[in-house]
Amino acid sequence: MFFGDYHIHTPRCGDAQGSYDEYIEEALRKGLSEIGFSGHCPQYFLPLEERGRESAIPEEELTLYVREVESLQEKYRSSITIRLGLEVDFVPGKEEELQSIVDFYSWDYLLLSVHYLGTWPFDNPQYLSGYRERDINEIYETYYQTLIAGMKTGFFSAVAHFDLPKKFGFRPAGEVKGEIEALQVCREQNLVIELNTAGRRKPVREFYPAAPILAQAQKLSLNVCLGSDAHRPEEVGEDFREALALLCRLGFDHIAGWEKGIAVLHPIS
Ligand code: ZN
Ligand code: FE
Ligand code: FE
């Protein structure tokens, strides 16, 4: 059966531990048939002097990242397929700068992520106070509007951690404005939605997105891919059996992967 993890960080992202080989060996141990490295993209949206390497691949190392993964594709050719992608922050108004990252290489896939609302890195535990200074429903609403703008750029293959504002357990009250619209735009733009298992390791203790959102996605005939968001080798493929079981239960019969920007659908058996 096909088993692919498309959200794996690398030693080039300052916030991930372990070597490339350790991530790949873990994938082999867990019986994955395919993996994709999705390093955090360079911080193109910040002024040059503020760009860091704590949670991003520095611009000047992007070529190295590409070369390293290419040589691993060769090294592991007979045991596992390795795809090359990026987890890309979307920041409204910086589309031109973003274009140069998109065009930098013929990526197998690009994950769309929103980690910033304005200048607030809302998924960074060091900035938790931001949740207390704002209305929770407004946070979600702004988040989905930003996500939708990112989807509409046409740059991306999949939407990562769809309901990320829930990470620390701050839940909106009632219906969330923009949530359904975001799923519809996903459909219109032919984007895959990621079932990201990392939420299990966070205070919210559940997958991204939550099961009811996945059920809606299924109704809209969206395709899903799997991602562990591994920042340590042992996290590769984490909770994937449960994730697949959930997808089956919800009526999904395929999961997506990519080769050079083209989505490939694999049956879930
Ligand atoms: Zn990271
Ligand atoms: Fe992320
Ligand atoms: Fe990530």
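Before we start, one cut-off: a residue is buried under 20% relative accessible area, exposed over 50%, and partly exposed in between. By that rule E242, at 41% relative accessibility, counts as partly exposed. Keep the rule at hand for the exercises below, and remember that the model is predicted.

**Exercise 1. The iron ion (ligand 2)**

Find the protein donors of the iron ion (ligand 2) and work out which parts of the chain E87 and H161 tie together.

*Solution.*

Step 1. Begin at the metal. The iron ion (ligand 2) has E87 (OE), H115 (NE2) and H161 (NE2) as its protein donors, and they lie 2.1 to 2.2 Å from the ion.

Step 2. Write the spacing of these donor residues along the sequence: E-x27-H-x45-H.

Step 3. Place two of them in the fold. E87 sits in strand β3 (residues 81-89) and H161 in the loop between β5 and α6, so this pair ties together parts that are 74 residues apart in sequence.

Step 4. Check their surroundings: E87 and H161 are both buried.

Step 5. Look for the zinc ion (ligand 1). The distance between it and the iron ion (ligand 2) is 6.0 Å.

**Exercise 2. The iron ion (ligand 3)**

Decide how the site of the iron ion (ligand 3) is to be classed from the angles among its four donor atoms.

*Solution.*

Step 1. List the donors. H7 (NE2), H9 (NE2), E87 (OE) and D229 (OD) coordinate the iron ion (ligand 3) at 2.1 to 2.2 Å.

Step 2. Recall the cut-off: four donors count as tetrahedral if all angles lie between 85 and 135 degrees. For four donors to count as square planar, opposite donors must be over 155 degrees apart and all others between 65 and 115.

Step 3. Apply it. The angles here run from 81 to 167 degrees, and the site is irregular.

Step 4. Trace the donor residues along the sequence, where the spacing is H-x1-H-x77-E-x141-D. Two of them link distant parts of the chain: H7 is in strand β1 (residues 4-8) and E87 in strand β3, 80 residues apart.

Step 5. Finish with accessibility. H7 is at 0% and therefore counts as buried, and E87, at 1%, counts as buried too.

Step 6. For the zinc ion (ligand 1), the distance to the iron ion (ligand 3) is 4.7 Å.

**Exercise 3. One face of a helix**

Show where the buried residues of helix α6 fall when seen down its axis, and what they pack against.

*Solution.*

Step 1. Pick out the buried residues of α6 (residues 179-188): E179, A182, L183, V185 and C186.

Step 2. Look down the axis. The buried residues fall within an arc of 160 degrees, so they line one face of α6.

Step 3. Find the partners of that face. The buried residues pack against α5 (136-151), β5 (158-159), β6 (192-196) and α7 (211-219).

Step 4. See what follows the helix. After α6 comes N190, with a positive phi near 60 degrees.

**Exercise 4. Salt bridges**

Take three salt bridges in turn and class the residues in them as buried or partly exposed.

*Solution.*

Step 1. Start with the count for the model, which is 22 salt bridges.

Step 2. E26 and K30 meet through their side chains at 2.8 Å, N to O. E26, at 11%, counts as buried, whereas K30, at 28%, counts as partly exposed.

Step 3. E206 pairs with R171, with 3.1 Å between the closest N and O atoms. This pair links the loop between β6 and α7, which holds E206, to the loop between β5 and α6, which holds R171, 35 residues apart. E206 is partly exposed at 22%, and R171 is partly exposed at 43%.

Step 4. R200 pairs with E242, their closest N and O atoms being 2.9 Å apart. R200 lies in the loop between β6 and α7 and E242 in helix α8 (residues 240-249), 42 residues apart. R200 is partly exposed at 25%, and E242 is partly exposed at 41%.

Step 5. Look for shared partners as well: R12, R53, E61 and E68 are joined into one network.

**Exercise 5. A lysine in a loop**

Describe the surroundings of K166.

*Solution.*

Step 1. Locate K166 in the loop between β5 and α6.

Step 2. Class K166 by accessibility: at 2%, K166 counts as buried.

Step 3. Follow the side chain of K166, which reaches the backbone oxygen of F207 at 2.6 Å.

Step 4. Leave aside neighbours within four places in sequence. The contacts of K166 are then Y140, R171, V204, E206, F207, Y208, P209 and A210.

Terms used. Residues numbered from 1 in each chain as written. Chains lettered and ligands numbered in written order. Predicted model: local features only at pLDDT ≥ 70, side-chain atom pairs only at ≥ 80, totals over all residues. Heavy atoms only, no water. Buried < 20%, exposed > 50% of the residue type's maximum accessible area, 1.4 Å probe, protein only. Helix = DSSP H or I, 4+ residues; strand = E, 2+ residues; numbered from the N terminus. Arc of directions from axis to C-beta. Contact = heavy atoms within 4.5 Å. Donors = N, O, S within 2.8 Å, 3.2 Å for Na, K, Ca; no water. Tetrahedral: all angles 85-135°; square planar, octahedral: opposite > 155°, others 65-115°. Salt bridge = Lys/Arg side-chain N within 4 Å of Asp/Glu carboxyl O. Polar contact = N/O pair within 3.5 Å; in protein donor to acceptor, adjacent residues only side chain to side chain.
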